[in-house]
Amino acid sequence: MNFDITELSIQDKYRLLSGGVTPRPIAWISTRSKEGIDNLAPYSFFTVASCNPPVLLYTQVAQRSGIDKDTLQNLSETGECVVNIVNTDLLEKMNATSASISIDKSEFDLADVRHNNSYVVSPFSVTDSPIRYECTLREVISIGDLPAGGSIVLLDVKSVYVRDDLYTDEGINQELIDSVGKMGGDSYSPTTNYVALNRP
Ligand SMILES: Cc1cc2nc3c(=O)[nH]c(=O)nc-3n(C[C@H](O)[C@H](O)[C@H](O)COP(=O)(O)O)c2cc1C
């Protein structure tokens with residue numbers, strides 16, 4: 001079966017892209033508004049953009065209203081965030097923080113997420129997240145203004161937290177990290193069952 005992209009509805013385009021480009025890592029992004037309200041939301045259109053300089057990227061999928069989501073509003077105003085990596089234990093709380101709530105309410109309270117001060121930025125870190133990247137806003141690149149269009153958000157990584165037991169001489173212990181991937185629909189993929197291959 002082949003799909004002519006010009007004949008697809010917005011929903012079908014979304015389903016074919018988000019259901020095939022899987023599994024995706026989840027950036028659980030905490031920000032703080034300029035009024036001091038803490039925000040936390042998951043974004044799975046997320047990856048590494050560059051290692052030197054260290055840059056992460058996530059994509060905000062545009063809402064029908066055209067109004068930026070709270071995460072990007074806060075980032076645009078304050079320039080700071082923490083990207084918290086989600087593990088199996090955090091999955092349900094992460095999901096709860098994807099609810100649309102008003103910008104004057106905090107998802108940390110809504111989902112009862114343990115948090116602590118970060119090292120170099122103002123937004124909170126998620127205490128139980130095993131890996132956390134403290135970032136500043138580098139650039140926002142708009143792909144278009146249509147509903148479900150994308151704004152690519154580039155983030156300069158300023159500080160990396162790795163839970164002590166996960167750090168080895170070879171880097172981050174892949175047997176223990178237990179990060180979760182996003183599949184299509186409402187599905188998630190654990191990473192504890194993985195294979196290792198020597199590179200040629
Ligand atoms: C696992 C998961 C991944 C998500 N990934 C994205 C994404 O990549 N881009 C996006 O715009 N919304 C994504 N969402 C939806 C946002 O989390 C949702 O719109 C949320 O309310 C945004 O919160 P904010 O307004 O506080 O930023 C995702 C939701 C879930 C549960």
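Trainee: What makes K182 count as lying over the face of Y188?

Mentor: K182 lies 5.1 Å from the ring centre of Y188. A charge sits over a ring if NZ of Lys or CZ of Arg is within 6 Å of the ring centre and within 35 degrees of the ring normal, and 5.1 Å meets that distance limit. R32 is also described this way, over the face of F124 at 4.8 Å from the ring centre.

Trainee: What should I keep in mind about the model itself?

Mentor: This is a predicted model, where local features need pLDDT of at least 70 and side-chain atom pairs count only at pLDDT 80 or more, while totals for chains, interfaces and linings use all residues. Residues are numbered from 1 along each chain as its sequence is written, and side-chain values use heavy atoms, with hydrogens and water left out.

Trainee: How many aromatic pairs does a search of the whole structure find, and what makes Y43 and Y58 a tilted one?

Mentor: Three pairs turn up. For Y43 and Y58 the centres are 4.7 Å apart and the planes differ by 55°. Rings of Phe, Tyr and Trp (its six-membered ring) pair if their centres lie within 6.5 Å; planes under 30 degrees apart count as stacked, over 60 as edge-to-face and the rest as tilted. With 55°, Y43 and Y58 are therefore tilted. Y43 lies in strand β3 (residues 38–43) and Y58 in strand β5 (residues 54–61), 15 residues apart. Strands (E, at least two residues) and helices (H or I, at least four) are DSSP runs, numbered from the N terminus. Both tyrosines are buried, that is, under 20% relative accessible area, where exposed is over 50% and partly exposed is in between (1.4 Å probe, protein chains only).

Trainee: Why is the pair of F108 and F124 called edge-to-face?

Mentor: Its planes meet at 85°, with 5.7 Å from centre to centre, so it passes both the angle and the distance test. F108 belongs to helix α4 (residues 107–110) and F124 to the loop between β7 (115–116) and β8 (125–126), so the pair ties together parts 16 residues apart in sequence. Both F108 and F124 are buried.

Trainee: How do you know that N39 makes a polar contact with the ligand?

Mentor: One of its polar side-chain atoms lies 2.8 Å from a ligand oxygen atom. A polar contact is a pair of N or O atoms within 3.5 Å, so N39 qualifies. S98 also does, through a backbone N or O atom at 2.9 Å from a ligand oxygen, and E107 through a polar side-chain atom at 3.4 Å from one. Taken alone the ligand exposes 650 Å², and the protein buries 87% of that.

Trainee: Why is strand β6 described as largely enclosed?

Mentor: Six of the six residues of β6 (residues 80–85) are buried, so the rest of the structure largely encloses it. On one side these are E80, V82 and N84, and on the other C81, V83 and I85.

Trainee: What makes β6 and β9 a strand pair?

Mentor: Two strands pair if DSSP finds at least two bridges between them. β6 and strand β9 (residues 131–142) have five, in the antiparallel sense, so they pass. Within this pairing, V83 stands opposite Y133 of β9. Strand β2 (residues 27–32) is joined to β6 by four bridges, also antiparallel, and A27 has I85 as its bridge partner in β6.

Conventions
Polar contact = N/O pair within 3.5 Å; in protein donor to acceptor, adjacent residues only side chain to side chain. Areas by Shrake-Rupley, 256 points an atom, 1.4 Å probe, with all protein chains shown as cover.
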